[in-house]
Amino acid sequence: MSGVLSREWLLSETPASRAHAAWVRRYRGWLQFRANGLAMVGLVTVAIMIVASLAAPLLAWQNPSAQDLAGRLAPPSFAHWLGTDELGRDIYARILYGGRVTLGMVVAVVLLVAPIGLAVGSVAGYLGGLADRVLMRVTDVFLAFPRLVLALAFVAALKPGITSAIIAIALTAWPPYARLARADTLTVRGTDFIAAVRLTGATSGRIILRHIMPLCMSSVIVRMTLDMSGIILTAAALGFLGMGAQPPMPEWGTMIASSRAFILDQWWVPTIPGIAIFVASLAFNLLGDGMRDVLDPRQR
Amino acid sequence: MLASSFASVPLTLFGLTLVTFLIGRVMPIDPIIAIAGDHAPPDVIAAVREQLGLDKPLLVQFWIYLVNLAHGDLGRSVMTSHPVTEDIAQYFPATLELATTAITIAIIIGIPLGVIAAARQGSRFDHAVRVVSLAGQSVPVFVLALLCLLVFYVKLGIAPGTGQLDVAYEGLVPRVTGMLVIDSVIAGDWDSFWDALAHLAQPALVLAYFSMAYITRMTRAFMIEALSGEYIITARAKGLSATRILWRHAFGNIAVRLVTVLALAYAGLLEGAVITETVFSWPGLGLYLTVSLLNADMNAVLGATLVVGLVYLVLNLLADLLYRLLDPRVA
């Protein structure tokens with residue numbers, strides 16, 4: 001008899017309990033995910049980024065805002081691994097701390113957006129009728145704007161800064177989640193097990209929270225991962241246009257904006273944060289792509 | 001279905017105007033102080049407030065905004081001191097020119113890539129296409145634009161710099177459509193034509209890569225689904241050539257769905273255009289929007305936002321319509 005979490009236990013054809021069955025399903029998914037080389041690259045890169053951002057004070061031995069005007073725009077060297085920017089600040093340290101800002105924004109947006117979209121979509125899908133029509137019209141209105149343009153207008157009205165950028169991106173990012181959750185809800189709404197739950201006297205709120213929302217989670221998670229790259233790009237674009245994080249905060253888009261004048265002679269100064277944005281966004285795309293294949297093959 | 005998608009248009013339009021109106025009202029920049037000055041006496045402030053209609057209740061203000069909108073009045077831009085509608089008419093054609101060129105390039109390259117990748121699913125070619133298109137979805141447009149300028153304009157010197165036309169040619173071609181490539185052909189001015197085309201190439205290619213990534217991925221996904229159909233097996237059993245099966249049978253079946261994707265990709269270009277135009281100083285709606293933003297010119301910002309939203313809405317509707325027209329299965 002093999003122990004819990006051993007390979008045989010995880011691949012068992014006859015799970016002994018609900019928890020066991022769930023672990024078998026997760027392990028199978030992981031095996032399928034692991035076979036996708038590009039997705040693994042994405043996963044590892046994302047993991048490295050998270051660790052590097054959390055450990056930024058340990059990894060960067062220079063202060064990201066310490067200026068040294070005498071040593072400005074220096075090329076990469078032993079003292080400054082990625083060179084220095086237009087105010088002589090260490091770019092390596094700024095990239096690491098910038099990762100905190102970017103990942104922080106991404107997490108904040110997703111945490112704001114996914115529950116809202118999930119709630120709107122599942123309520124609309126489950127209740128149907130007037131509630132469905134009203135909620136979906138509101139969703140359509142927000143979908144009718146291109147994301148960046150609406151975000152720009154919002155930020156301009158609110159005052160440029162990180163908080164405004166997060167709110168603005170969140171306001172434009174929730175509608176697709178509502179659409180997804182509604183579609184998933186519609187497919188399970190008429191099933192027998194929901195009817196059975198209703199017969200036991202469960203309220204609509206309980207059915208939506210306990211039985212419908214969990215079933216919408218896998219497509220929402222896939223969408224979240226794929227969305228993160230879009231959020232990174234929008235946040236960076238806002239920063240680049242001067243409407244996101246404000247200098248001297250080390251945000252990647254803002255760093256490119258403030259150093260773009262030096263691209264002719266010191267090309268690496270604006271290029272390095274550009275590479276950081278690209279790598280971060282690509283990693284999330286690869287990860288999301290792989291997760292979609294495992295969790296939600298329909299969404300291709 | 002068709003009726004309901006049309007019925008939602010006025011509602012969506014209403015929402016669009018309401019959102020832009022509300023954004024305009026919560027702005028931290030006080031329009032009264034912007035006009036009357038910081039130290040204006042109270043009676044002047046009251047007069048300006050009355051003149052702008054800001055003393056009325058919010059609902060009345062929104063009504064006035066709607067009535068003005070119906071008359072094509074989006075207010076006056078503080079920056080250019082022209083009516084915003086005039087400014088938009090001035091800047092919009094350049095965006096149209098850029099976006100149309102970009103989508104054309106993206107279609108010509110993106111669709112064949114997607115089709116071939118699907119036909120050779122899992123091959124090296126397929127993986128290469130996947131990486132190239134994922135990279136296109138991940139690269140920040142402004143970084144790509146800056147690097148293009150650095151490499152092709154500064155280092156290699158084979159591309160012209162920013163703007164729509166070289167200074168030497170400016171003002172030579174009479175404005176007809178506002179799209180310089182077309183206007184110079186109408187005027188028969190070939191020097192201007194080649195210069196305009198050369199200026200168009202870089203921003204159009206950057207934007208094209210951005211939407212090509214999306215088009216390729218969708219084409220590939222649709223094709224893989226189509227190729228697994230049973231009619232494909234029938235076609236193979238009949239002994240038809242692989243090319244014919246691929247393009248006539250499989251591609252013919254996804255063409256309708258692709259139209260929707262293309263319309264969405266075209267709408268998505270509006271977003272990319274905002275950034276691309278800023279980097280390339282391309283005198284389009286995106287540049288107008290960002291310059292107005294930096295000057296806190298709210299009338300212009302909201303006008304441009306509304307117009308972009310409108311175009312987006314129309315394109316989405318068009319995608320829906322085409323889909324219903326072309327596919328008899330959707331009644």
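**Close-up views of a predicted two-chain model**

**Figure 1. Surroundings of B:Leu200 in helix H9 of chain B.** B:Leu200 lies in helix H9 (residues 190–227) of chain B; the model shown here and in the following views is predicted. B:Leu200 counts as buried because 23 other C-beta atoms lie within 10 Å, where the cut-off for burial is 20 or more. Leaving aside residues up to four places away in sequence, B:Leu200 touches B:Leu98, B:Thr101 and B:Val181. The view also includes B:Ala94, which is 106 residues from B:Leu200 in sequence, while the two C-alpha atoms are 9.8 Å apart in space.

**Figure 2. Overall framework of chain B.** Chain B contains 13 helices and 0 strands. Its C-alpha trace spans about 90 × 55 × 35 Å along the principal axes. Of its 331 residues, 40% count as buried. Among contacts in chain B with a separation of 6 or more, 69% join residues 24 or more positions apart.

**Figure 3. The bend in helix H11 of chain B and the loop that follows.** Helix H11 of chain B covers residues 242–280, and its end C-alpha atoms are only 44 Å apart, whereas a straight helix of 39 residues would span 57 Å at 1.5 Å a residue. H11(B) bends by about 50° at B:Phe251. Just after H11(B) comes B:Ser281, with a positive phi of about 50°. B:Ser281 belongs to the loop between H11 and helix H12 (285–294) of chain B. This serine counts as partly exposed because it has 14 C-beta neighbours inside 10 Å.

**Figure 4. Backbone geometry at B:Ser81 and A:Pro248.** Most residues other than glycine have a negative phi, and most peptide bonds are trans. B:Ser81, although not a glycine, has a positive phi of about 60°. B:Ser81 is placed in the loop between helix H4 (58–70) and helix H5 (84–119) of chain B, and it counts as exposed because only 8 other C-beta atoms lie within 10 Å, the cut-off being 12 or fewer. In chain A, the peptide bond from A:Pro247 to A:Pro248 is cis, with omega near 10°. A:Pro248 is found in the loop between H11 and helix H12 (252–259) of chain A.

**Figure 5. Helix H10 of chain B and its end.** Helix H10 (residues 230–237) of chain B is hardly covered, and 0 of its 8 residues are buried. H10(B) is followed by B:Gly239, which has a positive phi near 85°.

**Figure 6. The interface between the chains and the nonpolar core.** In this interface, 39 residues of chain A are in contact with 40 residues of chain B. Helices H6 (129–143), H7 (147–158), H11 (204–240) and H13 (268–295) of chain A each supply at least two residues to the side that touches chain B. That side of chain A has 27 nonpolar, 6 polar and 6 charged residues. The largest nonpolar core has 171 residues, and those with the most contacts inside it include A:Val109, A:Leu152, B:Phe142 and B:Ala145. Apart from residues up to four places away in sequence, A:Val109 touches A:Ile166, A:Ile169, A:Ala170, A:Ala173 and A:Ile231.

**Figure 7. The two domains of chain A.** Chain A is divided into domain 1 (1–35) and domain 2 (39–299). The C-alpha centres of domain 1 and domain 2 of chain A lie 32 Å apart. Between them, 4 residues of domain 1 are in contact with 6 residues of domain 2. The side of domain 1 that touches domain 2 has 1 nonpolar, 2 polar and 1 charged residues.

Note on methods:
Residues numbered from 1 in each chain as written. Chains lettered and ligands numbered in written order. Predicted model: local features only at pLDDT ≥ 70, side-chain atom pairs only at ≥ 80, totals over all residues. Contact = placed C-beta atoms within 7 Å. Helix = DSSP H or I, 4+ residues; strand = E, 2+ residues; numbered from the N terminus. Nonpolar A, V, L, I, M, F, W, Y, C, P; charged D, E, K, R; others polar. Core = buried A, V, L, I, M, F, W, Y, C linked by C-beta atoms within 7 Å. Expected span 1.5 Å × (residues − 1). Bend = angle between axes of the 7 residues up to and from the residue. Domains from an automatic or database assignment.
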